[in-house]
Every structure is written in structure tokens, then in C-alpha cells.
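Student: I'd like a close look at the charged side-chain pairs in this model, with some context around them. Could you walk me through that part in one go?

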Amino acid sequence: MKDIARQSMSIKVESMDLLNDQIKMEAKASASYLAMASWCDQNGFFTSAKFFYKQAEEEREHMMKIFNFLIDAGGSPYSPEVTKINHDYASIVDVFETTLEHEIAVTKSIHNIVVKARELGDITTERFLDWFVMEQVEEENTIRDILDMIAVTGTDGVGLQLIDDHIANWIA
Ligand code: FEO
């Protein structure tokens with residue numbers, strides 16, 4: 001991208017670079033949730049698979065929200081290269097615990113961009129990220145609720161099947 005074009009953007013160059021990293025993170029989340037959906041389907045957790053197919057779609061929507069924002073701001077969004085997707089999980093508990101780890105990492109990353117945008121005086125980027133800050137509260141809360149439900153249900157006997165049935169409560 002030519003220097004003059006970078007200067008005519010309505011956001012800061014540093015913000016654009018961070019948002020391109022965030023595009024990649026959302027794409028990786030989408031691909032990871034698709035891998036989890038595959039694991040769930042293959043291991044008989046069919047409702048959980050539906051949950052993760054939907055999560056994969058939502059993460060792609062998040063990616064496109066940032067992508068389109070960069071276009072509108074006169075910037076250059078990059079189509080991300082996504083590699084090293086894990087397909088191996090020890091259990092359904094491992095799948096949801098890994099999901100919570102992903103979401104906490106995404107929250108930290110979003111907060112970091114908000115802080116940097118504030119330091120740069122980039123009000124446009126800071127305001128744009130308001131939606132993502134609140135979305136992360138919701139996403140982390142959903143996964144924590146699911147992990148609480150798993151702890152209460154237990155994984156012995158019919159527990160695993162009950163866990164999968166209960167996941168329907170979190171599919172909008
Ligand atoms: Fe788009 Fe769940 O982070």
C-alpha cells in the first residue's frame with residue numbers, strides 16, 4: 001500500500017495492522033470451531049456439532065465485520081492464511097475448555113487494540129470495537145455456562161449424552 005494512501009485512511013496505520021491480525025485470529029477461531037464440529041460429529045455429540053458449526057459461521061461473520069470496516073476506512077484488509085488447526089481432542093470437556101481458552105485470548109486481543117487505539121487517539125477504531133467488547137462478554141459467558149453445566153451433569157454413565165442434549169439450550 002502506498003504511503004499516501006495509508007495517510008488518507010480514516011483510521012491509524014497501526015490500528016489497521018492490529019485489525020489485520022485480528023482478522024486472522026477470527027479466521028483461525030472459525031476454522032478451529034469447524035474442526036471441533038467435525039470431532040463432535042465423529043464422536044456422537046451431534047448437538048454439540050451443531051453448536052460448533054454455528055460458532056464457526058459466527059466467527060467468520062466477525063472476521064468479515066473487521067474486513068468491511070477496513071475497506072470502509074480506506075484501508076487494506078488481508079485475506080488471512082490459516083494453518084495448524086488442531087483436530088485432536090481428548091474429550092468433550094477438552095473441546096469446551098479449549099473453546100474458553102480461545103475466547104479469552106480473543107478478548108485480550110480486542111482489549112489490546114482498544115487500548116492502542118485510545119493511545120493513538122483513533123476514536124473511529126475504538127468505537128468500532130465497542131461491539132466486539134460486548135460480544136466477547138457474551139461468548140465467554142456462554143462457554144462458562146456450558147462448562148458449569150458439564151460439571152453439574154458429570155461425565156459418568158448417561159452424563160455424556162445428557163451434556164450433548166443440554167447444549168441445545170445454547171443454540172439460538
Ligand atoms: Fe470472534 Fe469468539 O471471537
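Student: To start with one partner, is Arg 144 buried, partly exposed or exposed, and what is its relative accessible area?

Tutor: Happy to. Keep in mind that this is a predicted model. Arg 144 is partly exposed, with a relative accessible area of 38%. Its side chain meets that of Glu 140 in a salt bridge, at 2.9 Å from N to O. Glu 140, on the other hand, counts as buried, at 12% relative accessibility. The two residues are four apart in helix H6, which covers residues 130-153, so about one helical turn separates them.

That pair belongs to a set: the structure holds three salt bridges. Another one joins Lys 54 and Glu 58, whose closest N and O atoms are 2.9 Å apart. Here the setting is helix H3 (residues 46-72), and because Lys 54 and Glu 58 lie four residues apart in it, they too are separated by about one helical turn. Lys 54 is partly exposed, at 24% relative accessibility; the cut-off for buried is under 20%.

The remaining bridge links Glu 126 with Arg 118, and the closest N and O atoms are again 2.9 Å apart. Its two ends fall into separate accessibility classes: Glu 126 is buried at 12% relative accessible area, while Arg 118 counts as exposed at 54%.

Now for the context around that last pair. Thr 125 sits in helix H5, residues 123-128. This threonine is buried, with a relative accessible area of 0%. The side chain of Thr 125 makes a polar contact of 2.8 Å with the side chain of Asp 122. Leaving aside residues up to four places away in sequence, Thr 125 touches Ile 11, Ser 15, Leu 19, Phe 69, Ile 113 and Ala 117. For a contact list you can check yourself, the criterion is heavy atoms within 4.5 Å.

One more residue is worth a look, this time in a loop. Met 9 is found between helix H1 (3-7) and helix H2 (13-42). Although it is in a loop, Met 9 is buried, with 8% relative accessible area. The C-alpha atoms of Met 9 and Leu 70 are separated by 9.1 Å, and these two residues are 61 apart along the chain.

Conventions: Residues are numbered from 1 along each chain as its sequence is written. This is a predicted model: local features need pLDDT of at least 70, side-chain atom pairs count only at pLDDT 80 or more; totals for chains, interfaces and linings use all residues. Side-chain values use heavy atoms; hydrogens and water are left out. A salt bridge is a side-chain nitrogen of Lys or Arg within 4 Å of a carboxyl oxygen of Asp or Glu. Buried means under 20% relative accessible area, exposed over 50%, partly exposed in between (1.4 Å probe, protein chains only). A polar contact is a pair of N or O atoms within 3.5 Å; within protein, one must be able to donate a hydrogen and the other to accept it, and residues adjacent in sequence count only if both atoms are side-chain atoms.
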